[in-house]
Amino acid sequence: MSHRARETSGWSLAILVVVVFSLVPVVWIVMLSLKTSASATDGSFIPHHWTLSNYSDIFKLGTFTDALRNSIGIGLISTLLAVALACAAAYAIARLDFPGKAAILAVALAVAMFPQISLVGPLYNLWRQIGLYDTWPGLIIPYMTFALPLSIYVLSAFFREIPWELEQAAQVDGATPFQAFMKVIVPLATPGIVTTFILVFIICWNDFVFAISLTSTTAAQTVPAAISTFPGVSQFTVPYGDIAAAAVVVTVPVMLLVLLFQRRIVSGLTAGAVKG
Amino acid sequence: MAEIEFDDITKRYPDGFEAVKHFNLDVPDGELMILVGPSGCGKSTALRMVAGLEDISDGELKIGGQVVNEKAPKDRDIAMVFQNYALYPHMTVRENMGFALKLAKVPQAEIDQKVNEAAKILDLEQHLERKPANLSGGQRQRVAMGRAIVRNPSAFLMDEPLSNLDAKLRVQMRTEISRIQHDLHTTTIYVTHDQTEAMTLGDRIAVMRAGILQQVGQPTELYNNPTNLFVAGFIGSPSMNFLPGELDGDQLHLPIGTVRIPDSVRRQLDSGPGGGRSGIVAGIRPEDFEDASLISDRSRGHTFRAKIDVLEAMGSEYFAYFVVESEGVSSTELEELAQDAGAADLPHSHEGSQVVARLDAASRVREHEEAELWFNVDHLHLFDVESGRTLLGDGAGPDVARQPAAAGQQPASEPTGGASPAGEAPTTG
């Protein structure tokens, strides 16, 4: 065996270990969701009796379908707003030289670093007083705020890569600055915008802290929060099967999305890092 | 179709740097005006001010008689060709060329017709449905041209449109641009740092240095009557040789011998602005030298001997390099020229000035050997060493090819609108 081949096989082994290690919990959840509720806690990894009853159960639960609707709605609206606002902000940061530009970037970074849990208490009180508690806007506002810094960073890297001359050419061609932005810059930044959209959507989709604290009913509860309120057969049983099935249902779309766009996401996150 | 007027235009950046200083220039309708100068001389800035991509700090810019200082680029009815073409990568050639018309809400049928016409002129018909990424450099350049001409604007602005092409294609596109411009008869301002491009392309040339207009005129006028050392050194390739000299009545003392000033040069000197008491710089173009053995009547010039250091055979001619022992000529203008040519860092030959002579291919001159050379005294250029300005007026002698001022708009020795080249008198260093 040559040195090269030995090195390759060594790497392969290491990668295999990491992949298995990180996939075990996912597979375990999938297996759990396929067990009957009686055998959920029997300690076996592979179910003795395969069943899809958990899946049909959760879709019969009003809680889950409402939560799914809330998750999709709140996630999409937050993401759309965040990306649209971030586009404008990132464009300004990439193109204009205005006083306080560095400060804005610093504040954006600070917001991204802010521990979300520390905001939950004050927000809970505030939302209850102004009537945003347990409503869609009550979740959309914090999601959007926390998604903005990341969006601005990713998008401004993309905008910076687009030659300024293109915009100037469009302006000389008779476009207003807004037309130049919409017809030349945005189409060219589409990969970046798609990347940002997916990243932000995943953040909103997966959030638990805000969802559990700022909602109480099916009016605004998202899936992660709803799962924790699934009723068991009795007060003393935990509905492991239902929880696992719900978890699989909300994880699979996100995984597919990431797999589909993984190249774009990677290039989106590293855009501007090196001169292409 | 429109006339473009720069009226005392100044561009000042927030940090106080003035990229363009009191710029006066008048580009009549249909003219191809070249702005030329070394990098950083403000020529692109001047062009971008016409396009509306840079604010004008002072002065008035008129297009077709209208002041456009405050107008947005889109309202100026001008088309611009960028150095890197700035084609929209997500659009096909057809969409690129029709973009401006589409923004202007021109009916689609008319857009198609105009794009097809332009594509025909530029030989792009078979590429209309391709994306810019799939085109060669020359094709992209033509698309950029096409995008400008479909609009039929009142003026074309071109910012070094050929500098990204390889040498052969550049020459080809140069004639193409010239042809299109003459056919369309659209006022054009063309920015380049390449003096060959400027000489071959332009109706008139405006030479800029450090934000200041040095001289405006037809190519031959700049070549024959450069107004100062900078223009003299910038126009022409290989560039003019400069030797320190001293004027003593009718005698001119040069490091290569004492020359009697011929009558033609005398007349120009007498009509010139005067000066040169503290010393002069004599300029001799390489082509005014010749192998003395090939000259039948040496009385029109001066014969001297020099040891040839390097001889470059070009086939049609020789370039002979030799060093003349002298103090050397020092002036900020010449230093800037050297810097622009990338020669500033070369070790200076402290023993004297390097001179290049262009000799006939029939010459028998050998490298490393002493040769007898001759130069035409009638074509001497004389400059004041202090100000760098020419000492020659327009008292044109019969022996010297003198061009009348372009369209009689200004006297040959004076740049347009009195943008005084002495505005920034170079200091001798």
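In the predicted model, the contact between the two chains draws 16 residues from chain A and 21 residues from chain B. Within the share contributed by chain A, A:Q168, A:V172 and A:D173 stand out, since together they supply 38% of the area that chain A buries against chain B, more than any other three residues. The area buried between chain A and chain B amounts to about 1600 Å², and carbon and sulfur atoms give 67% of that area.

Chain A itself contains 12 helices and 0 strands, and its elements, followed from the N terminus, accordingly read α-α-α-α-α-α-α-α-α-α-α-α. Taken along the principal axes, the C-alpha atoms of chain A fill a box of roughly 70 × 70 × 35 Å. Of the 276 residues of this chain, 41% count as buried, and the accessible surface of chain A comes to about 14900 Å², with 72% of it belonging to carbon and sulfur atoms. Among the contacts in chain A that link residues at least 6 apart in sequence, 73% join residues at least 24 apart. As regards charge, chain A carries 13 positive and 12 negative side chains, and the centres of these two sets lie 6 Å apart.

One helix of chain A, α8, was examined in further detail. Helix α8 of chain A comprises 12 residues, 177-188, which at 1.5 Å a residue should span 16 Å, and the 16 Å that separates its end C-alpha atoms agrees with this expectation. The buried residues of α8(A) are A:A180, A:F181, A:V184, A:I185 and A:V186. An α-helix has 3.6 residues a turn, so residues three or four places apart point the same way. Within chain A, the buried residues of α8(A) pack against α3 (62-95), α6 (136-161), α7 (164-172) and α9 (190-206), and they also pack against α2 (93-103) of chain B.

In chain B, attention was given to a single loop residue, B:D55, which lies between α1 (43-51) and β4 (58-63) of that chain. B:D55 counts as exposed because its relative accessibility, at 62%, is above the cut-off of 50%. When residues up to four places away in sequence are not counted, B:D55 touches B:K11 and B:M49. The C-alpha atom of B:D55 is separated by 54 Å from that of B:A306, a residue 251 residues away along the chain.

Methods. Residues are numbered from 1 along each chain as its sequence is written. Chains are lettered from A and ligands numbered from 1 in the order in which they are written. This is a predicted model: local features need pLDDT of at least 70, side-chain atom pairs count only at pLDDT 80 or more; totals for chains, interfaces and linings use all residues. Side-chain values use heavy atoms; hydrogens and water are left out. Helices (H or I, at least four residues) and strands (E, at least two) are DSSP runs, numbered from the N terminus. The expected span of a helix is 1.5 Å times one less than its number of residues. Buried means under 20% relative accessible area, exposed over 50%, partly exposed in between (1.4 Å probe, protein chains only). Contact means heavy atoms within 4.5 Å. Accessible areas come from the Shrake-Rupley method with a 1.4 Å probe; for residues, only the protein chains shown count as cover. Lys and Arg count as positive and Asp and Glu as negative; His and the chain ends are not counted. The place of a charge is taken as NZ of Lys, CZ of Arg, CG of Asp or CD of Glu. Buried area is the accessible area (1.4 Å probe) that two parts lose on being put together, summed over both.
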